[in-house]
Amino acid sequence: MRADRLMAILLLLQQREHVTAAEVARELEISERTARRDLDALAMAGVPVYSLQGRGGGWRLVGGARTDLSGLTAGEARALFLAAGPASAAAPAVRTALRKLVRALPEPFRAQAEAAASSLVLDPQRWGAGRIEARPPRFLDDLQDAVIRGVQVRLGYVDTAGAATERTVHPLGIVAKGPSWYLVAGTAAGRRTFRIDRVSSAAPTGDPVHRPGDFDLAASWREIADEVDRRRTPQQAQGVCTPYGIGKLRLSIGDRLDVGGATADGRIEVVIRGHNEYALAGELAGFVEWLEVTGPPGVRDHLIAIGTALVERYASHRMESPPAVRTGTSAPLRSVDALTRNRRW
C-alpha cells in the first residue's frame, strides 16, 4: 500500500502546493511518523519536493512544480472512481484506497469523481427471485495474491462428486462469473479451471509460476466458457420463427439461440441448444405461436406428447368454466386446439 500513499502525497502537493506531515497523516489516515518517512522517501527518490522548518513550515514542490503521475483526464478520473462506489466488485481495500485518493484529486476533477463513486447501484437479483448474499469464497484473497506475486500454490480441491485431491498449480488469473469465482491455472495435466468455493486449502510454495508468454486471461476465459456451454448444452433443435418471436426467444434462451437467415415465407431460421431433447421440448412448447420446430424428430415427438398431455388435462374444463376474458388487449384468446394444430404462416 506504500506506493498508493506516495501517489496520494504527490497529488496532495499538486493540489495544495504546501502540506504538513500532520495534514498528510490526517488525509491518508496514517501516523505523522509514517507521513514524515514517506515525504522523506519522495525527496530521496528524486521527486522535486523540499521541507521548510519552523513556523509555517511544511513540504512543497520545488518552484511550484506540477506533478501529474496519473495523467488522468476528467473522464478517466470518473471511470476510476466509479470502482470505489457501492456497485464495485473491487475488494474493500481497493475501494478504501480509491476513496482516499479522490480527496487528493485536482479540484475540477474531484466533484465529478465523488459523484461517480455514488452514481450506480447494481442489484443482481431478478424480479421475483430470492435474495442471495454473494460472499467472496474463503481462499479468494490468497489465490489472487499468488497470481499477482507469480508463485505456485499447493491446492486442495473437492470436485462435484465430492472427491478430494491435492496438486501443485500455477495460478494464471481469477475470473468472476456471476456470483461464482474461478481460478485459471496451469497444472501437470494442462490448463485447468477451479471453482474457488470448492478449494479446501491454498498454500503458496514460493516457486515461480511458469506463465506462457502469449497467455491472455480474457481470451483464455472465452475459450473455457464456450467449451463449458457446449458441454452443458450438447443437444440442438432447429426451427423457423416469426420476427416478433425472435425477441421472446432471445429473452428466454439467451446465448443458446443462434439466428440464421430468412425463409421464403418471412420467418427466420434458428438453432437452439439445450441439455437434451426433452428439456428443449419443454422450453420451446411455450413458443408455439411463433416457433415451428423442424428437427430433430425426437424434439418434435416430445412436443407432440406435451401438447397431447395439455389437451387431455385441460380440454374437459372448457365446458365446466365460463370463458376467460382478457382485458387490456384486442387480441382474442386462442383455443387449445388452435394452439396444438400444425400451423403454417
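This is a short talk on one predicted protein model, its confidence, one of its sheets and a few of its helices.

Hi everyone, let me start with the ground rules. Residues are numbered from 1 along each chain as its sequence is written, and side-chain values use heavy atoms, with hydrogens and water left out. Since the model is predicted, local features need a pLDDT of at least 70 and side-chain atom pairs count only at pLDDT 80 or more, while totals for chains, interfaces and linings use all residues.

So, confidence. pLDDT is the predictor's confidence in each residue, on a scale from 0 to 100. The protein averages 78, and 68% of the residues score at least 70. Two stretches to treat with care are residues 65-70, where pLDDT stays under 50, and residues 325-345, where it is below 50. In the model, 65-70 has 7 contacts beyond four places in sequence, a contact being heavy atoms within 4.5 Å. For 325-345 there are 27 contacts beyond near neighbours in sequence. Where pLDDT is low, the predicted coordinates should not be read in detail.

Now to the sheet. Helices (H or I, at least four residues) and strands (E, at least two) are DSSP runs, numbered from the N terminus. Two strands pair if DSSP finds at least two bridges between them. In which order do the 4 strands of the open sheet lie? The order is β10-β11-β9-β12, and the pairing is antiparallel. At the edges are β10, residues 257-262, and β12, residues 291-295, each of which pairs on one side only. On average, neighbouring strands here are turned by 30° against each other, direction ignored. For angles like this, axes are lines fitted to C-alpha atoms, for helices over the stretch in contact, and angles run from 0 to 180 degrees between N-to-C directions.

Strand by strand, β9 (residues 235-241) pairs with β12 over 4 bridges, and C241 stands opposite L291 in β12. On this sheet packs helix α9, residues 243-253, touching β9, β10, β11 and β12. The direction of α9 makes about 165° with that of β10. Helix α10, residues 277-284, packs on the sheet too, touching β9, β11 and β12, and its direction makes about 30° with that of β9.

Back to the pair β10 and β11: 4 bridges join these strands, and V259 has V270 in β11 as its bridge partner. Their hairpin has 5 residues between the strands, and there G266 takes a positive phi near 90°.

What is covered up? Buried means under 20% relative accessible area, exposed over 50%, and partly exposed in between, with a 1.4 Å probe and protein chains only. In β12, 4 of the 5 residues are buried. In α10, the buried residues are L280, A281 and L284. Seen down the axis of α10, these fall within an arc of 100°, so they line one face of the helix; the arc is that of the directions from the helix axis to the C-beta atoms. They pack against β9, α9, β11, β12 and α11 (297-314).

Finally, helix α3, residues 32-44. Which of its residues are buried? They are T34, A35, D38, L39 and L42. Down the axis of α3 they fall within an arc of 135°, so they line one face of the helix. The face turned away from that buried side carries the exposed residues R33 and M44.

That's my tour, thanks for listening!
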